[in-house]
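Student: I am new to this structure. Please take me closely through one part of it, the annotated domain, and show me how that part sits against the rest.

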Amino acid sequence: MRGPVPLKTALVNTSRIEIWPGGLLRARSNFDARALSRAHHVLRRKRDGQYLAVDLPEGLLALVPRLRAEPGLDEALDLLDAAPAHRRGGLEHVHELPLDRLEERLEPLGLDHAYAERTGLELVAEPDWLAFAGFDRYRRPLWLHVDAARAWTHLREAALRDDVVLEAISGYRSHDYQLGIFERKLARGLSVDQILTVNAAPGYSEHHSGLALDIGAPDEPPAEESFETTRAFAWLRDNAGGYGFVMTYPRDNPHGIVYEPWHWAYRPAQAAASTPDPA
């Protein structure tokens with residue numbers, strides 16, 4: 001039976017605010033540095049990454065004016081107050097966050113059910129918590145669904161035993177993160193159709209689930225087709241299925257997404273079905 005996951009290794013997720021464990025976020029000012037150095041947890045707005053408040057030994061310290069008016073704050077504080085209960089009961093069961101807020105924001109972009117029908121993609125819900133899976137190439141915390149986090153650890157260690165280094169480029173991404181990309185590009189004058197040629201529509205990326213990650217190799221540019229020429233890719237092609245990972249956007253995939261040899265998703269059933277039996 002699995003034991004409980006300590007809250008310090010988990011990112012607790014809500015529709016508007018993330019609760020980060022202390023010690024993982026970088027300070028952006030001297031005031032932030034003093035507050036973050038003592039924080040048990042940090043409340044971070046998902047829409048723009050703004051640090052909202054820190055949970056200190058003596059109580060909650062606001063980092064923005066009018067914190068009490070922040071949308072979603074009550075939900076986040078309720079979860080923060082329940083942290084000891086989470087530790088007692090464990091965080092192994094992962095729930096999905098509702099999609100209604102996302103759908104409201106997609107409608108003005110013209111991304112409705114017709115997009116899903118055209119691409120064969122489905123809306124992907126975010127998990128209500130994610131496990132810390134180490135750091136990515138850029139020393140950013142890597143967050144994944146707990147099952148994918150364990151599988152990624154085993155996959156990376158197995159590759160190292162074969163003298164192959166696998167680097168995580170990115171893991172979980174929120175709906176807000178992807179929406180922010182769209183909003184910034186729209187503000188620069190690009191159309192939605194132009195953006196969709198290089199970016200997945202918000203809500204339709206496998207990264208939202210925490211079950212997918214982009215993988216690279218040292219000295220290789222990230223997210224480039226040239227990754228398929230590396231020893232890392234050859235090792236993944238031959239071994240990733242045994243750890244539950246599949247490359248979900250091969251050439252000529254039915255979704256119209258460009259070939260992404262760097263993008264792998266944790267799908268144990270699909271991986272088992274596609275892995276050939278040993279001779």
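Tutor: Start with the record. An unreviewed UniProt entry annotates residues 143-268 as "domain: D-alanyl-D-alanine carboxypeptidase-like core". The model itself is predicted. Across residues 143-268, helix makes up 35% of the chain and strand 14%. The C-alpha atoms at the two ends of that stretch are 19 Å apart.

Now the sheet inside this stretch. Four strands form an open sheet, ordered E8-E9-E11-E10, and their pairing is antiparallel. E8 and E10 are the edge strands; each has a single partner, so one side of each has no neighbour in the sheet. From one strand to the next, the twist averages 45°. Look at E8 and E9: they run antiparallel and are joined by three bridges. Glu167 is placed opposite Gly216 in E9.

Next, find helix H6, residues 146-161. H6 lies across E8, E9, E10 and E11. Its direction is at about 85° to that of E10.

What fills the space between these elements? Look at the largest nonpolar core, which has 32 residues. Trp152, Leu155, Leu166, Ile215, Leu236 and Phe245 touch the most other members. E6, E7, H6, strand E9 (212-216), helix H9 (231-239) and strand E11 (263-266) each supply at least two of the core residues. H6 gives the most, with eight residues. In soluble globular proteins, nonpolar side chains tend to be buried together.

Zoom in on Phe245. Leaving aside residues up to four places away in sequence, Phe245 touches Ala148, Ala151, Trp152 and Leu155. Its contacts also include Leu213, Ala240, Trp264, Ala265, Tyr266 and Ala271.

Another core lies apart from the one just described. This other core has 15 residues, among them Trp20, Val42, Val54 and Trp143.

That takes us to the second sheet. Seven strands make an open sheet in the order E5-E4-E3-E2-E1-E6-E7, again with antiparallel pairing. Its edges are strand E5 (59-62) and strand E7 (141-144), each pairing on one side only. Neighbouring strands here are turned by 25° against each other on average, direction ignored.

Follow the E7 edge. Strand E6, residues 129-135, pairs with E7 in the antiparallel sense over three bridges. Ala131 stands opposite Leu144 in E7. H6 packs on this sheet too, touching E6 and E7. The direction of H6 makes about 20° with that of E6. So much for one side of the sheet order; now look further along.

Strand E2, residues 17-21, is mostly covered: five of its five residues are buried. Ile17, Ile19 and Pro21 point one way from E2, while Glu18 and Trp20 point the other way. Strand E1 (residues 10-13) pairs with E2 in the antiparallel sense over two bridges. E1 and E2 form a hairpin, with three residues between them. Val12 stands opposite Ile19 in E2. E2 also pairs with strand E3 (residues 41-45), in the antiparallel sense and over five bridges. Here Trp20 stands opposite Val42 in E3. Both Trp20 and Val42 are named in the 15-residue core.

Back to the annotated stretch, for two loops. Asp163 lies in the loop between H6 and strand E8 (167-170). Its phi is positive, about 65°, although Asp163 is not a glycine. Asp163 is exposed, with a relative accessible area of 59%. Asp252 lies in the loop between strand E10 (245-247) and E11. Phi of Asp252 is near 60°, also a positive value in a residue other than glycine. Asp252 counts as exposed, at 80% relative accessibility.

Last, confidence. The average pLDDT of the chain is 90, and 92% of the residues score at least 70. Two stretches need care. Over residues 1-6, pLDDT stays under 50, and the model has ten contacts beyond four places in sequence for them. Over residues 85-89, pLDDT also stays under 50, with four such contacts. Where pLDDT is low, the predicted coordinates should not be read in detail.

Conventions:
Residues are numbered from 1 along each chain as its sequence is written. Side-chain values use heavy atoms; hydrogens and water are left out. UniProt positions are given in the numbering used here, feature names are shortened, and annotations may be inferred rather than shown by experiment. Two strands pair if DSSP finds at least two bridges between them. Axes are lines fitted to C-alpha atoms, for helices over the stretch in contact, and angles run from 0 to 180 degrees between N-to-C directions. Contact means heavy atoms within 4.5 Å. A nonpolar core is a set of buried Ala, Val, Leu, Ile, Met, Phe, Trp, Tyr and Cys residues joined through side-chain atoms within 4.5 Å. Buried means under 20% relative accessible area, exposed over 50%, partly exposed in between (1.4 Å probe, protein chains only). pLDDT is the predictor's confidence in each residue, from 0 to 100.
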